[in-house]
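Please look through the model shown here with its side chains displayed. The paragraphs after it are meant to be read alongside the coordinates.

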Amino acid sequence: MLFMASEILHIPSVARQFPDSGVARFLAAMLDHRAWVGCVPWDLIQPAFMFMVGVSLPYSIASRRAKGQSFARMLAHSVLRALILIALGIFLRSQSRAQTYFTFEDVLTQIGLGYVFLFLLGWTRARTQLAAAGLVLVGYWAAFALYPLPPPGFDTTTVGVRADWPHHVSGFAAHWDKNTNLAARADQWFLNLFPRERPFVYNGGGYLTLNFVPSLATMIFGLLAGGVLRSARAAPEKVKLLVTWGIAGIVLGVVVHLLGLCPIVKRIWTPSWTVFSAGWVTLFLAGYYYVIDVKGSRGWTYPFVVVGVNSIAMYVLVHIATDYVTGSLKIHFGTGPFNVFGSLFAPVLLGACTLALFWLILHWMYRNRVFVRI
């Protein structure tokens, strides 16, 4: 969540002002989403967030069962949670709009769309959960593969992709090209069912409502990992199993990509991306579990715990309060303090001060045991 919030530092846009610097080009590439195919660390933020929703679910169910809550009550809560997440995602995407902006690619909305299914799977065995993830991914892959490609000479500018866009995929992989795929067509129907400022034709970034289907598999993989952590296995066995799963996911995703069966594309959450990103996130989880829980090295985690226990609050603050805080800082302190390293670096320093203020707010909440939960 802190990594996500660091977007307010505007490091990629600042780094691009130094095109002759290899370090600057590296930072600009690593701290921004890939245009289409591939993966950089920034792309792993959303799958990590969704994966952890799955990891936490076995603990949540166990806690509620210990309190004597019935299945019906927990199911009703899961439905309510899903609706709130969907509504909150739409609310945040509607900021600075003339009217409610009905879009469903926000991470909170994506979680909400799949959460009830995840909850129901939380009551099943690991084999059933794994089978469900496989069925979701294979079915989603088949749906895209069977959807017809655009005719030869199709004018991609009509769907927001310029003719000389350098990131097109070809051959069989073209079934997952930008804005000419199955889910893009589905959005042209679905999103126009809602009141809009203008008819929906395409998403400029290529993001899709139906991403929630394969991202449900991401959450299921997290559910499986959470089951491992809650199991009676010895700690070294848990670490070994998670590392094995992580490596297997990365290898499988890369192999499917290299065979041309399905490209690794985060923006449309391709099945190959799903297993590839889940592999990386599982390795991160194994590493943190080993260092923090097994080795007991916890002191350094305090700044992250403060944010982690109020992740929804941080997410909302970044989306609705950044402009207000940065504007207020300039009003009360002027621009001089933020230009100390030159005007080019002012956005970084201003963003860093804003992020620090957000952290202090969450620190106050943590110290006073104020937790925003849905």
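What follows goes from the nonpolar cores to the surface patch, then to the salt bridges and to a few single residues.

This is a predicted model, in which local features need pLDDT of at least 70 and side-chain atom pairs count only at pLDDT 80 or more, whereas totals for chains, interfaces and linings use all residues. Residues are numbered from 1 along each chain as its sequence is written, and side-chain values use heavy atoms, with hydrogens and water left out. Helices are DSSP runs of H or I with at least four residues, strands are runs of E with at least two, and both are numbered from the N terminus.

A suitable starting point is the interior. In soluble globular proteins, nonpolar side chains tend to be buried together. A nonpolar core is here a set of buried Ala, Val, Leu, Ile, Met, Phe, Trp, Tyr and Cys residues joined through side-chain atoms within 4.5 Å, where buried means under 20% relative accessible area, exposed means over 50%, and partly exposed covers what lies in between, with a 1.4 Å probe and protein chains only. The largest such core has 74 residues, and the members that touch the most other members are L108, I111, L118, F221, M314, F358 and L362. Taking F358 as an example, and leaving aside residues up to four places away in sequence, one finds contacts (heavy atoms within 4.5 Å) from F358 to I8, M314, L317, V318, A321, T322 and V325. A second core, separate from this one, consists of 16 residues, including Y140, W165, W176 and L208.

The polar residue T354 can be examined alongside F358. T354 lies in helix α14, which spans residues 346–367, and T354 is buried, with a relative accessible area of 0%. Its contacts, again without residues up to four places away in sequence, are I8, T322, V325, T326 and L329.

On the surface, the nonpolar side chains of W280, F284, Y288, Y290, V291, V294, W300 and F304 make a patch of about 750 Å². Patches are made of residues with over 30% relative accessible area and no salt bridge, like charges being joined within 9 Å and nonpolar side chains (Val, Leu, Ile, Met, Phe, Trp, Tyr) within 5 Å; the accessible areas come from the Shrake-Rupley method with a 1.4 Å probe, and for residues only the protein chains shown count as cover. Helix α11 supplies the largest share of this nonpolar patch, namely six residues. V291 is found in helix α11 and is partly exposed, with a relative accessible area of 32%.

Which charged pairs should be inspected next? The structure holds four salt bridges, a salt bridge being a side-chain nitrogen of Lys or Arg within 4 Å of a carboxyl oxygen of Asp or Glu. In one of them D32 pairs with R16, and the closest N and O atoms are 2.7 Å apart. Because D32 lies in the loop between α3 (22–30) and α4 (45–66), and R16 in the loop between α2 (11–15) and α3, this pair ties together parts that are 16 residues apart in sequence. D32 is partly exposed at 28% relative accessible area, and R16 is partly exposed at 46%.

Another salt bridge joins D106 to R93, with 3.1 Å between the closest N and O atoms. D106 lies in the loop between α5 (71–93) and α6 (107–121) while R93 lies in helix α5, so the pair ties together parts that are 13 residues apart in sequence. D106 is buried, with a relative accessible area of 0%, whereas R93 is partly exposed, with 33%. The side chains of D164 and R162 also form a salt bridge, at 2.7 Å from N to O; D164 counts as exposed at 55% relative accessibility, and R162 is partly exposed at 47%.

Some single residues complete the tour. T301, in the loop between α11 (271–294) and α12 (302–308), is buried at 11% relative accessible area, and its side chain reaches the backbone oxygen of R298 at 2.5 Å. W269 has a phi near 50 degrees, a positive value in a residue other than glycine; W269 sits in the loop between α10 (235–258) and α11 and is buried, with a relative accessible area of 1%. R369 likewise has a positive phi, near 55 degrees, but R369 is found in the segment after α14 and is exposed, with a relative accessible area of 66%.

How values were computed:
Polar contact = N/O pair within 3.5 Å; in protein donor to acceptor, adjacent residues only side chain to side chain.
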